[in-house]
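Got a protein in front of you and no idea where to start? Let's go through this one by asking and answering.

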Amino acid sequence: NHAKILFRETSSVVLCFDGDSAGQKAAIRTIKIVLPILDANKKLKILSLADNKDPDDYVKEFGLEAFQQALDNALPVAEFLVQSFIGDRDLTKAESKAEVLENLKTFLQEVEDNIYSESIVATIAEKINIKVEQIKSLLKSRKKFVVHNNEPEVYAPQKRQKKLSNN
């Protein structure tokens, strides 16, 4: 709800996170929540502060002007996610490509399809030199099984839940 309130007031939001692994995990969790409400008129950027600083420490050490410059250089959400999934992996190796695809699949299991998720898939496909259709085929298995009222159900974020038949 906070994101919806923010986007009522502005069309562009920059979220700032510590540069450590906890900050990066928090950024990913937050993006999963905000991504479904983004569209062409609602833009999200992510700032991960260097030197594992939180915003207060960063401003104290480097000054407000440096913080403003960092905000100006924040990454668009899709670019941040692509960088997070790829990291410093050697994309000439099959194992690295598989890790990237597994990271993408894990992330997309918890978000609804929209223009941003499609853009992320397309960008990853380009970076790892695999056709978008191949990635989408691999991602079709992103449905999860959940138990609700002691009955197994299929959970697919982009669709309503359906009960599995006993066949």
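Before we start, one word needs pinning down: a residue is buried when its relative accessible area is under 20%, exposed when over 50%, and partly exposed in between. Also keep in mind that this is a predicted model.

Q: Which residues of helix 5 are buried?
A: Take the cut-off of under 20% relative accessible area and go along the helix. Seven of the 10 residues of helix 5 pass, so this helix is largely enclosed by the rest of the structure. The ones you're after are Val77, Ala78, Phe80, Leu81, Val82, Phe85 and Ile86.

Q: What do the buried residues of helix 5 pack against?
A: Helix 5 is largely enclosed, because seven of its 10 residues are buried. The cover comes from several elements, helices and strands among them. Here they are: helix 2, strand 2 (43–48), strand 3 (75–76), helix 6 and helix 7.

Q: Leaving aside neighbours within four places in sequence, which residues is isoleucine 86 in contact with?
A: Isoleucine 86 is found in helix 5, and its relative accessible area is 8%, so it counts as buried. To find partners from elsewhere in the chain, skip the neighbours within four places in sequence. That leaves Leu91, Val100, Ile124 and Lys127.

Q: How many Å apart in space are isoleucine 86 and lysine 97, C-alpha to C-alpha?
A: Along the sequence, these two are 11 residues apart. In space, going from C-alpha to C-alpha, the value is 8.4 Å.

Q: What phi does glycine 87 take?
A: Most residues other than glycine have a negative phi. Glycine 87 is, as its name says, a glycine, and it sits just after helix 5. Its phi is positive, at about 55°.

Q: Which residue has a positive phi of about 60° although it is not a glycine?
A: Most residues other than glycine have a negative phi, so a positive one is worth a look. Try the loop between helix 7 and helix 8 (132–139). The residue there has a relative accessible area of 68%, so it is exposed. It is asparagine 129.

Q: At roughly what angle do the axes of helix 3 and helix 4 cross?
A: Two packed helices are described by the angle between their axes and the distance between the axes. For helix 3 (residues 55–62) and helix 4 (residues 64–72), the axes come within 7 Å. The crossing makes helix 3 oblique to helix 4. The angle is roughly 125°.

Q: Which residues of helix 4 make the contact with helix 3?
A: Each helix brings its own set of residues. Helix 3 puts in Pro55, Tyr58, Val59 and Phe62. From helix 4 come Leu64, Ala66, Phe67 and Ala70.

Q: Which residues do ring pairs link into a cluster?
A: A search of the whole structure turns up three aromatic pairs. Look back at the contact between helix 3 and helix 4, where Tyr58 and Phe62 come from helix 3 and Phe67 from helix 4. The cluster is made of Tyr58, Phe62 and Phe67.

Q: Which lysine meets glutamate 110 in a salt bridge?
A: Five salt bridges are found in the whole structure. Glutamate 110 is in the loop between helix 6 (94–108) and helix 7 (115–128), and its partner is 78 residues away in helix 2 (residues 21–34). Glutamate 110 has a relative accessible area of 41%, so it is partly exposed, while the partner is buried at 17%. With N and O 3.5 Å apart, that partner is lysine 32.

Q: How far apart are the closest N and O atoms of glutamate 61 and lysine 53?
A: These two side chains form a salt bridge. Lysine 53 has 18% relative accessibility, so it counts as buried. The closest N and O atoms are 2.7 Å apart.

Q: Which arginine meets glutamate 99 in a salt bridge?
A: The N-to-O distance of this salt bridge is 2.8 Å. Glutamate 99 lies in helix 6 and its partner in the loop between helix 5 (77–86) and helix 6, so the pair ties together parts 10 residues apart in sequence. Glutamate 99 is partly exposed at 40% relative accessibility, and the partner is partly exposed at 28%. That partner is arginine 89.

Note on methods. Residues numbered from 1 in each chain as written. Predicted model: local features only at pLDDT ≥ 70, side-chain atom pairs only at ≥ 80, totals over all residues. Heavy atoms only, no water. Salt bridge = Lys/Arg side-chain N within 4 Å of Asp/Glu carboxyl O. Helix = DSSP H or I, 4+ residues; strand = E, 2+ residues; numbered from the N terminus. Buried < 20%, exposed > 50% of the residue type's maximum accessible area, 1.4 Å probe, protein only. Phe/Tyr/Trp six-rings, centres within 6.5 Å; stacked < 30°, edge-to-face > 60°. Contact = heavy atoms within 4.5 Å. Axes fitted to C-alpha atoms, helices over the stretch in contact; angles between N-to-C directions. Parallel < 35°, antiparallel > 145°, perpendicular 65-115°, else oblique.
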